[in-house]
Every structure is written in structure tokens, then in C-alpha cells.
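Biologist: Please pick a single part of this model and go through it closely. I would like to know how it sits among its surroundings, and then how the rest of the chain is arranged around that account.

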Amino acid sequence: MQKTRKRKQEQQLQQHSCSNKTTTKQEPYPTHTRPTPEDCLAIRDDLLAHHGFPQEFVKHRIQRLNQKANTEAHHESVKSEPLDGDGEEETVLDGLVKTVLSQNTTEVNSLKAFASLKSAFPTWEGVLAAEPKCIENAIRCGGLAPTKASCIKNILNRLLENKGKLCLEYLRGLSVDEIKAELSRFKGIGPKTVACVLMFHLQLDDFPVDTHVFEIAKAIGWVPAVADRNKTYLHLNQRIPNELKFDLNCLLYTHAGMSTSKKVYPAIIWGDMNLQPHY
């Protein structure tokens with residue numbers, strides 16, 4: 001039964017292997033044929049069996065499932081009951097600022113910094129009106145306070161100038177490429193931040209590449225040895241099926257974190273999984 005189900009999954013991946021070719025970016029490594037959809041499915045399944053789904057990402061997974069259910073219900077004109085979650089509504093602007101605060105720090109520290117910022121300034125208008133030093137003091141526990149405060153102020157200033165209000169909800173009606181173009185206009189917002197906003201806060205299919213995911217991708221031969229991180233991002237988003245991107249990214253991130261905590265990174269904990277070094 002399990003083999004039959006897996007064979008069916010692989011057939012579905014083959015049928016939809018081209019469904020994620022939505023980006024207008026050119027494939028940086030057109031002759032590098034890994035990862036295949038089968039590679040992605042095998043590693044997703046192995047990591048899921050090894051770790052279970054990471055608790056820190058469950059909230060975002062529920063949001064994605066709710067959105068999918070609502071979309072399907074809309075097409076069928078049937079009201080869909082939401083899955084269990086924490087009930088919190090998070091704006092896209094909240095998500096972008098959270099992602100900025102997460103740069104070069106731990107998730108614990110970045111969440112503390114965001115909570116501190118919202119406690120000090122309950123509205124984004126309050127943040128915009130505040131002195132930079134006050135913002136820095138509020139987010140200092142997240143590290144790089146001057147840089148991050150400047151980035152947040154710039155986002156808010158540009159939004160007010162261009163849109164007349166401090167809101168990014170209009171992004172929900174745009175395509176992935178249009179969202180990337182919009183967010184990339186903000187100073188200090190790079191491809192990884194954009195990808196995280198797409199995946200976690202807009203529930204769209206994208207595959208962020210941080211340092212750990214980048215090193216794993218090189219170690220298992222998913223990109224050439226000479227690859228850089230930006231080209232790895234472009235390549236993996238072309239190669240990984242959309243339906244696997246979210247789970248696979250969360251699991252690789254978790255796997256890398258556990259490896260670093262045991263002081264064996266970048267020699268990943270291979271075990272019996274398909275994450276074998278590729279030379």
C-alpha cells in the first residue's frame with residue numbers, strides 16, 4: 001500500500017514538474033538536472049519521517065492549508081471551515097518586518113524584537129513617527145538594531161509616499177513576479193527576505209535559500225560546486241515542484257539547525273537518509 005501511494009505521488013510530480021516554471025528569471029544552470037522531482041519527494045519523505053513536521057512552522061502550514069481549502073471552496077461555492085490554528089490575523093507588513101528582524105539572529109531573539117517593537121509602538125504610524133534611536137532601542141535584542149531600524153523606517157516611508165498608507169495587503173492580488181518586483185524596490189530587502197514573505201506570509205510557492213540550505217544543496221549535488229547563493233535560489237525554484245517547496249524548505253532548515261547544534265555542520269547528519277554527500 002505504501003509503495004503504491006509513493007508511486008502515485010511520483011507520477012503526480014512528473015505530471016506537474018513544469019507547473020513551477022512561473023518565474024521570468026533564466027535558469028542559471030540549464031545543464032544541471034538535479035534535483036529531480038523524485039529527489040525532492042524522497043528527501044522530503046525521509047526528513048519528515050526522521051524529524052516529523054517542525055512545530056515552529058505548523059502555524060504557517062495551517063494557513064496554507066486553510067487558503068487552499070478556501071480557494072477550492074470558492075470554486076465549488078461551498079463555505080469551508082478553517083483548520084485549527086491560533087486565530088491570529090497577521091498582516092503582510094507585519095510579516096515583512098518580522099522577516100527583516102530575523103536576519104542574522106535566532107528566531108527567539110527576532111520574535112522578542114518584534115514583540116518589543118509592537119509594545120513600544122502599537123501602530124506602524126507610531127513607528128514611522130518615532131526617532132530612529134527609539135526604534136533601535138525597541139529592537140536591540142534582535143541584533144543589528146541600527147541597520148534594521150533604518151530598513152524598517154525606509155519601508156514605511158516608501159509605502160506612505162507611493163501608496164498613501166502603511167499597508168502591503170495589495171500584494172495579495174499580484175503575481176509572484178510582481179510581488180518580487182514590488183518588495184525588491186525597498187532598500188535592504190533581498191531575494192531571501194522576499195522569498196520568506198512569499199512562502200510564510202503570502203502562502204505562495206517559493207523556496208528561500210539561507211546559508212544552511214545553500215550548503216546542503218551544494219553538499220548533495222543539487223547545484224554545481226561553483227554555485228553562489230543567488231543562483232542556487234534561482235535554480236532550486238526552477239527544479240523543485242511547487243507542491244513540495246514549503247515542506248522541503250522547512251525540513252531542510254530544521255535538519256541543518258540540528259546538525260549545527262551537534263557541531264557536525266556542514267558535514268550534515270546523513271544517517272540512512274537520501275541526504276548523502278555528492279562528490
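Modeller: A residue counts as buried when its relative accessible area is under 20%, as exposed when that area is over 50%, and as partly exposed in between. The model is predicted, and the part I have chosen is helix H10, residues 191-201. Nine of the eleven residues of H10 fall in the buried class, so the helix is largely enclosed by the rest of the structure. The buried residues of H10 are Thr193, Val194, Ala195, Cys196, Val197, Leu198, Met199, Phe200 and His201. For the protein as a whole, 42% of the 279 residues count as buried.

The setting of H10 is a helical one. The secondary structure comes to 13 helices and zero strands, and along the sequence the pattern reads α-α-α-α-α-α-α-α-α-α-α-α-α.

After H10 comes Gln203, with a positive phi near 55 degrees. Gln203 is not a glycine, and its phi is positive all the same. The residue belongs to the loop between H10 and H11. Its relative accessibility is 14%, and on that value Gln203 counts as buried.

A second residue can be set beside Gln203. Asn104, again a residue other than glycine, has a positive phi near 55 degrees. Asn104 is placed in the loop between H4 and H5. At 68% relative accessibility, Asn104 is classed as exposed.

H10 also has a part in the largest pocket. Rolling a probe the size of a water molecule over the atoms shows where empty space is left. The largest pocket found in this model has a volume of about 1,000 Å³. Its lining is made up of 33 residues, and those nearest the pocket centre are Ser102, Glu107, Lys192, Cys196 and Tyr253. Two or more lining residues come from each of helix H3 (58-76), helix H4 (92-101), helix H5 (107-120), H10, helix H11 (211-219) and helix H13 (242-261). H10 supplies the largest share of the lining, with five residues. Cys196, one of the buried residues of H10, is also among the residues nearest the centre of the pocket. By residue class, the lining divides into nine nonpolar, 16 polar and eight charged residues.

Next, the packing of H10 against another helix that lines the pocket. Two packed helices are described by the angle between their axes and the distance between the axes. For H4 and H10, the angle is about 135 degrees and the axes are 10 Å apart. H4 and H10 are therefore oblique to each other. The crossing in which H4 passes H10 is right-handed.

H4 packs against H5 as well. The axes of H4 and H5 come within 8 Å of each other and cross at roughly 130 degrees. That angle makes H4 oblique to H5, and H4 passes H5 in a right-handed crossing.

One residue of H4 deserves a separate note. Leu101 lies in H4 and, at 1% relative accessibility, counts as buried. The C-alpha atom of Leu101 is 8.0 Å from that of Ile139, although the two residues are 38 apart along the chain. Ile139 falls within the residue range of helix H7, 132-139.

H7 in turn packs against helix H8, residues 145-163: their axes come within 9 Å and cross at roughly 120 degrees. That crossing angle makes H7 oblique to H8. H7 passes H8 in a right-handed crossing.

On another side of the account are H11 and H13, which both give two or more residues to the pocket lining. Gly257 is a residue of H13. With a relative accessible area of 30%, Gly257 is partly exposed. Gly257 and His212 are 45 residues apart in sequence, and their C-alpha atoms are 7.9 Å apart in space.

A last local feature lies towards the start of the chain. The peptide bond from Arg34 to Pro35 is cis, with omega near 0 degrees. Pro35 is found in the loop between helix H1 (2-15) and helix H2 (37-51).

To return to the chosen part: H10 is largely enclosed by the rest of the structure, since nine of its eleven residues are buried. H10 also gives the largest share of the lining of the largest pocket, and it packs against H4 at an angle of about 135 degrees.

Notes:
Residues numbered from 1 in each chain as written. Predicted model: local features only at pLDDT ≥ 70, side-chain atom pairs only at ≥ 80, totals over all residues. Heavy atoms only, no water. Buried < 20%, exposed > 50% of the residue type's maximum accessible area, 1.4 Å probe, protein only. Helix = DSSP H or I, 4+ residues; strand = E, 2+ residues; numbered from the N terminus. 1 Å grid on protein atoms, 1.4 Å probe; cavity = no way out; pocket = protein on both sides within 12 Å on 5 of 7 lines; lining within 4 Å. Points joined across faces, edges and corners; volume = space filled by probe spheres on them. Nonpolar A, V, L, I, M, F, W, Y, C, P; charged D, E, K, R; others polar. Axes fitted to C-alpha atoms, helices over the stretch in contact; angles between N-to-C directions. Parallel < 35°, antiparallel > 145°, perpendicular 65-115°, else oblique. Left-handed = near helix turned anticlockwise from the far one by under 90°.
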